[in-house]
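Student: I would like to learn how to read an enclosed space and a helix in a protein model. Could you take me through them step by step?

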Amino acid sequence: MKVALVHYWLVNMRGGEKVLEVLCDIFPEADIFALVHDPKSVSDTINRHKITTSFIQKLPWGVSKYQQYLPLHPLAMEQFDLSGYDLVISSESGVARGFILKPSTCHISYCHSPMRYIWNFYHEYKQELGLLKRILWGGGIANYLRQWDYISSQWVDYFIANSYNVRQRIKRYYGRDSEVIYPPLDFDSFGVGPSEDYFLMVGQLTRYKRPDLAVSVFNQIGKKLVVIGEGPLRKELEKVKKTNISILGKQPNAVVRDYYARCRALVFPGEEDFGITPLEAMASGKPVIAYGKGGALETVLEGKTGVLFTEPTKASLLLALERFEKMNWDPALLRSHASKFDIKITRDKLESFIRT
């Protein structure tokens, strides 16, 4: 059986790429197709495969500014010739399933989320655009992508959702059922350390992840907050943060694990599709203070592995921090809960689903 793996873009190592790594492990001879590929930014596990990229790779600043070519993504994906494959598995949160296959080829889609910027976060994304882009986006581009996204969803034989949260989106936007298989947690790579006097936030500094909310609250209370991550909001956050907040930018995995091991708790203020960072904190024996919506509801157990706040507001997060300070946390229980999401479990479930 000849297998192809299709991913949206290979420019970093986040949750989607971790799923792709598991698929690479299951199918070591598979070929990979992606819109763009930066070999320096992805793992050897991925790079050792034959990787085919789209014409966007060759456009000016295509690898670094691939998102600016969003209207061309469907066209680029449709150019891939996958006619010689028996099984195609797409790992996608955007256009990575919009390719043309023969009727005899089976297509399994591991969906991290339907495109957030045209579906559930459409209005939030539109507000962040400049005037001209907002007119173009609302005047036709988003509608075109929405229609194309729905049509391409009907070409999939089987959907896998990365959470029950995403399963609901797949049902609402595509009218399709899906199997839930959680993304992998490399549980054994995390260890417990003595807690030091700081809170931690890990993730991209983008609007929907709400780093601005965390910075605003910790500016007010004066407690130490360490922020690890890069993104378009970094300059804005650097201007308003006080001296008790450190923004470290992107860090190597070993450094991130060290900060997890020594923090008091992880602050998780945004609504995520699933969100692997709460589980990484729990694997380090640390609780999570999370916005109680989306994927966090599937990993954070109120009063046992963390504290949930109900509104994306300063007042709600402040109340959660007050509750956190009155509680005691058991590192062994936290690690036991995180171990249920270990990479071995994800691999076994994926392989069983695919081969069945």
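Tutor: Let us begin with the classes of residue: Ala, Val, Leu, Ile, Met, Phe, Trp, Tyr, Cys and Pro count as nonpolar, Asp, Glu, Lys and Arg as charged, and the others as polar. Please keep in mind that this is a predicted model.

Student: How many cavities of 30 Å³ or more are there?

Tutor: The count comes to one cavity of 30 Å³ or more, and the largest cavity has a volume of about 30 Å³.

Student: Which residues line the largest cavity, and how do they divide by class?

Tutor: Its lining is made by Leu23, Ile89, Ile108, Ser109, Tyr110, Ile160, Leu350 and Ile354; seven of the lining residues are nonpolar, one is polar and none is charged. Two elements, β5 (106-111) and α13 (343-355), each give two or more residues to this lining, and β5 contributes the most, with three.

Student: Turning to the helix, what should I look at in α5 (residues 131-153)?

Tutor: A general idea helps here: an α-helix has 3.6 residues a turn, so residues three or four places apart point the same way. In this model, α5 has 23 residues and reaches 31 Å from its first C-alpha to its last, close to the 33 Å expected, and there is a kink of about 55° in α5, centred on Trp137.

Student: Which residues of α5 are buried, and what do they pack against?

Tutor: Trp137 is among the buried residues of α5, together with Ala142, Leu145, Trp148, Asp149, Ser152 and Ser153. The buried residues of α5 pack against α3 (73-78), α4 (122-128), β6 (158-161) and α6 (164-174).

Conventions. Residues numbered from 1 in each chain as written. Predicted model: local features only at pLDDT ≥ 70, side-chain atom pairs only at ≥ 80, totals over all residues. Heavy atoms only, no water. 1 Å grid on protein atoms, 1.4 Å probe; cavity = no way out; pocket = protein on both sides within 12 Å on 5 of 7 lines; lining within 4 Å. Points joined across faces, edges and corners; volume = space filled by probe spheres on them. Helix = DSSP H or I, 4+ residues; strand = E, 2+ residues; numbered from the N terminus. Expected span 1.5 Å × (residues − 1). Bend = angle between axes of the 7 residues up to and from the residue. Buried < 20%, exposed > 50% of the residue type's maximum accessible area, 1.4 Å probe, protein only. Contact = heavy atoms within 4.5 Å.
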